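User: I am new to this structure. Please walk me through the reasoning behind its labels.

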Number of protein chains: 2
Amino acid sequence: MIESVSLHLVRGLPVINKGDSLADLIQSRFELLDGDLICIASTVVSKSEGRVRELSSYTPCERALAIAKNLGKDPRFVQAVLEESSEILLDRPFLLVVTRFGHVCVNAGIDQSNVPPGKILLLPENPSLSAEMIRRELNRDCPVIITDTCGRPFRFGVTGVAIGWSGLSPIRDWREATDIHGRKLEITLEAVADEIAGMANLLMGEAGDSTPAVVVRGLPRFDGGGSMFMPEEQDVIRAILSSK
Amino acid sequence: MIESVSLHLVRGLPVINKGDSLADLIQSRFELLDGDLICIASTVVSKSEGRVRELSSYTPCERALAIAKNLGKDPRFVQAVLEESSEILLDRPFLLVVTRFGHVCVNAGIDQSNVPPGKILLLPENPSLSAEMIRRELNRDCPVIITDTCGRPFRFGVTGVAIGWSGLSPIRDWREATDIHGRKLEITLEAVADEIAGMANLLMGEAGDSTPAVVVRGLPRFDGGGSMFMPEEQDVIRAILSSK
């Protein structure tokens, strides 16, 4: 049973460049303990992996030109989104896609903030693999979550979510648990990685003085595997969008 | 700037009955400080407000009978959902509705766990008013969030979300902020109340030994009003569901 949990900003991280070891930069600035969970913003993971691109390097296809015209966006930006996506769920009034690694988000998560003009920042190619690579470089045994900031249907505003994870199950399974009357629960699978990523995102902030790494201390181990991305055949809303 | 934040379970709360003062039960068990934020599960708020109903008290209408047959559910349960809803977004393969207070969720959040057989637990009628009533009974100046657990499109599992709030703005506005290159941010409205509710939900747990109140210490004040529920005219996915 969890008693209390604390979240701590990792202070003093430099601007991240390709090839930087996020693991070393974090563990040299924060005294990690075994079992601490580290949340890292996808922006710095992308930068360390060299996922910055020149907008001018993209040549828009017909479809990108058509979508860009509709949205009033740069066709090269739309082309970049298409190249990072395995499926387009909506092409207006915004570009809602499934990324190649299975994450449903607007613009394939491509960021034009916090990179110089004329450049864009792609999400990591495989964020769970990124999380694993970082975790293996740590001197302590710490699960790692890669976070991104996303909107969602029905609710206002954006929240932090987990787009990659290593060393923890992103889902907590309550299927064997019972309520105070001894009956099986109706709610069975809890997206703990998203719950953690959201709170970490709140601490990170969005602005220029943001801090892209947060350490969470006091959580139990979440074991058992699983994914944050809903299997396509179970996603009723996605099926409705796809059939439009 | 936030440095660190801690979350603490409020231990030893009894089973809640109609008329209980949640404020008193919490502040007698936890030494609150001004500025602590209190997250309370909607289940205990509902119980304190007497929102338990007998299933047998509902007489299903034609529509409830039809939906119930399709879903294989008790028609009286479906009737209860319809009575708590202002709009039905989907009636299969599950009942996705807008509650009378504006929250989009399955089954109008009506719970059959943690209440005796034959009974159901409705959500609070106006969770933000509930939050305000609780907050006014506190001896300290503490914002209050009422949480519920919900699924969401595209992502697997459920998370805690804020369905009521008092004493804080549920949205943090980054519209005046700039990135490290001095440009305005693309991401502007952050749903901080949901990010906090999610993490609190992780500490609360879902099972019979769950703890329905969590104190969050170390957050800045979030001011400025706003709502967690997306205005209908801005909700693209809802419009698609409504037009089906």
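Analyst: A polar contact is a pair of N or O atoms within 3.5 Å; within protein, one must be able to donate a hydrogen and the other to accept it. Keep in mind that the model is predicted.

User: What makes the pair A:S113 and A:D111 a polar contact?

Analyst: The backbone nitrogen of A:S113 lies 2.8 Å from a polar atom of the A:D111 side chain. The cut-off is 3.5 Å, so the pair is a polar contact.

User: Why is A:D111 called buried or exposed?

Analyst: Its relative accessible area is 18%. Buried means under 20%, so A:D111 is buried. A:D111 sits in the loop between β6 (104–106) and β7 (119–121) of chain A.

User: And which label fits A:D148, buried or exposed?

Analyst: A:D148 has a relative accessible area of 13%. That is under 20%, so A:D148 is buried. A:D148 lies in strand β8 (residues 144–150) of chain A. Its side chain makes a polar contact of 3.3 Å with that of A:S42.

User: Where does the "binding site" label come from?

Analyst: From UniProt, where an unreviewed entry lists A:D111 and A:D148. They span 38 residues in sequence, yet their C-alpha atoms are no more than 10.5 Å apart, so they gather at one spot.

User: What makes B:D194 and A:R152 a salt bridge?

Analyst: Their side chains meet at 2.7 Å, N to O. The limit is 4 Å, so the pair is a salt bridge. The interface of chain B and chain A has 4 salt bridges by this rule.

Conventions:
Residues are numbered from 1 along each chain as its sequence is written. Chains are lettered from A and ligands numbered from 1 in the order in which they are written. This is a predicted model: local features need pLDDT of at least 70, side-chain atom pairs count only at pLDDT 80 or more; totals for chains, interfaces and linings use all residues. Side-chain values use heavy atoms; hydrogens and water are left out. UniProt positions are given in the numbering used here, feature names are shortened, and annotations may be inferred rather than shown by experiment. Helices (H or I, at least four residues) and strands (E, at least two) are DSSP runs, numbered from the N terminus. Buried means under 20% relative accessible area, exposed over 50%, partly exposed in between (1.4 Å probe, protein chains only).
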